[in-house]
Amino acid sequence: MKKIMAKLLLIGAAVSITGCTGKTITREPERTEAAKAEASRPEETIKVGFIVGTGGLGDQGFNDIAYEGLKRAEEELGIELEYAEPQSVSDFEPLISQFAQDGSYDLILSLDQQSQSALEKIAKLFPDQKFSAVDMDIQADNVKVIKKDFSQLAFLPGYFAGLLTTDTSVDKVNEDACVGIMIGVDNPNMQNGVLGFTAGAKLANPDTEVLTGIVGSYGDPAKGKDTAKVMYDKGADIIMNFAGGSGLGLTNQAKESERLVIGGTSNVNATAPDVIAASAVELLGDRVYNDVQSVLDGTWKAGIDMGIIANGGVNITFEGTEVAVPDEIIKKIDHVRVLMEKEELILPSSAEEIDGWLEEAVRIVN
């Protein structure tokens, strides 16, 4: 496995692109000598280029989940894996270009939605290159989008938060019906998460106040901590992390404020079991692994692969927490999960629909 540095020049490129030149690709170059050398690789071996999100590896979130899936593919499928960690959004285009212009990669995977415009542009210039994207809105013959329903991912955590927020038998829970969700940046995916979380909290208790904190970054724990403090000070006793690496600051503030956390996108309960009461989980690692496998066996197809509760793509877990969550709450969550799996409970599609949706949702759940 090799890490590709953002400041490397593009080998054999028609145009040299770095994060600060502002130049763009004007044509697809001929394959490099390095690419030609790939002919010596066994046919069953594939090469994957991975562009990490700006939160970086070690975020205990979607970067780490995808990386673990790719590492497993490296170990079990024998792929060659190279990756790059952009420092800012401006790094995406040169890094994706570097992988694409090299010409030796069977698959290029970009993880961060903030890379969408760069990936969309470069995919058009390299129509024979396979690209996979996570949580983006791209329609192209050479791009597969591995998505999750952000609203469904946050719904069960929101329902859990709404059930827990007034249960003062649980340590660190106050009497106020107030919960929160902290997002990294303000974009449609994050707002869909807010929508699902809010719907879940309101289903549990219509009087629940739901706070939203926007950090402005997926990789700023210090600002995440400050954002969390404001929300805890306003009465929230449990906050969901939807801010990637910035959520490390949320956990630290939860300890100081003696409040609780819901982890986002992977099971991080054991990292701070005294304050992380549950975690939203997505099977991104498995889905990335399967994506690589499909390239290897020749079944890879462009299009959208959506993860929802019904197909097991998203869920909630209490494994590893030391927070004493009452069994009655877990039973209620399991009941709602089954209704979601059967697609008997359909979530609202906008914040304006929540009030009207609640009456029917309560009838279905009860």
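# Notebook: helices and loops of a predicted model

**Entry 1. The chain as a whole.** I looked first at contacts between residues at least 6 apart in sequence, and 69% of these contacts in the protein chain join residues at least 24 apart. I note that the model is a predicted one. I then looked up the secondary structure, and the protein chain comes to 11 helices and 13 strands. Of the 366 residues in the protein chain, 57% are buried.

**Entry 2. Helices α3 and α4.** I turned next to pairs of packed helices. Such a pair is described by the angle between the two axes and the distance between them. For α3 and helix α4 (residues 116-125), I found an angle of about 30° and axes 9 Å apart. Angles under 35 degrees count as roughly parallel, so α3 is roughly parallel to α4. The crossing of α3 past α4 is right-handed. On the α3 side I listed Phe92, Glu93, Ile96, Ser97 and Ala100, which meet Ala118, Leu119, Lys121 and Ile122 in α4. Sorted by character, the residues of this contact of α3 with α4 are six nonpolar, one polar and two charged.

I also looked up one residue of α3 by itself. Glutamine 98 lies in this helix, which covers residues 92-102. Is glutamine 98 buried or exposed? Its relative accessibility is 13%, and the limit for a buried residue is under 20%, so glutamine 98 counts as buried. I then compared positions along the chain and in space. Glutamine 98 and glycine 49 are 49 residues apart along the chain, and their C-alpha atoms are separated by 9.8 Å.

**Entry 3. Helices α5 and α10.** My second pair was helix α5 (residues 150-164) and α10, which pack at an angle of about 150° with axes 10 Å apart. Angles over 145 degrees count as roughly antiparallel, and α5 and α10 are therefore roughly antiparallel to each other. The crossing in which α5 passes α10 is right-handed. From α5, the residues Gln152, Phe155, Leu156, Tyr159, Phe160, Leu163 and Leu164 meet Ile329, Lys332, Ile333, Val336, Arg337 and Met340 of α10. I recorded 10 nonpolar, one polar and two charged residues in the contact of α5 with α10.

**Entry 4. Helices α6 and α11.** How are helix α6 and α11 oriented to each other? Helix α6 (residues 188-204) packs against α11 at an angle of about 55°, and the axes are 10 Å apart. The two helices are therefore oblique to each other. I noted a right-handed crossing for α6 and α11. The contact involves Leu195, Thr198, Ala199, Lys202 and Leu203 of α6, together with Ile354, Trp357, Leu358, Ala361, Val362 and Val365 of α11. The contact of α6 with α11 has nine nonpolar residues, one polar and one charged.

**Entry 5. Helix α8 and threonine 251.** Which residues of α8 are buried? I found Gly247, Gly249, Leu250, Thr251, Gln253 and Ala254. The elements that cover these buried residues of α8 include β7 (178-183), α7 (221-233), β9 (238-242), β10 (260-263) and β11 (276-282).

I chose threonine 251, in helix α8 (residues 247-257), for a further look. Threonine 251 counts as buried because its relative accessibility is 15%. Leaving aside residues up to four places away in sequence, threonine 251 touches Val261, Ala272, Val275 and Ile276. Following α8 is glutamate 258, which has a positive phi near 55°.

**Entry 6. Helix α9.** Helix α9 (residues 284-297) has 14 residues, and I looked up its span. From its first C-alpha to its last, α9 reaches 20 Å, close to the 20 Å expected at 1.5 Å a residue. Its buried residues are Leu284, Gly285, Arg287, Val288, Tyr289, Asp291, Val292, Ser294 and Val295. Glycine 298, just after α9, has a positive phi of about 80°.

**Entry 7. Positive phi in two loops.** I ended with two residues in loops. Aspartate 135 is not a glycine, yet its phi is positive, at about 60°. This residue lies in the loop between β5 (131-134) and β6 (143-148). Aspartate 135 counts as buried because its relative accessibility is 5%. Glutamate 343, also a residue other than glycine, has a positive phi near 60°. I located glutamate 343 in the loop between α10 (327-341) and α11 (354-365).

Methods:
Residues numbered from 1 in each chain as written. Predicted model: local features only at pLDDT ≥ 70, side-chain atom pairs only at ≥ 80, totals over all residues. Heavy atoms only, no water. Helix = DSSP H or I, 4+ residues; strand = E, 2+ residues; numbered from the N terminus. Buried < 20%, exposed > 50% of the residue type's maximum accessible area, 1.4 Å probe, protein only. Axes fitted to C-alpha atoms, helices over the stretch in contact; angles between N-to-C directions. Parallel < 35°, antiparallel > 145°, perpendicular 65-115°, else oblique. Left-handed = near helix turned anticlockwise from the far one by under 90°. Contact = heavy atoms within 4.5 Å. Nonpolar A, V, L, I, M, F, W, Y, C, P; charged D, E, K, R; others polar. Expected span 1.5 Å × (residues − 1).
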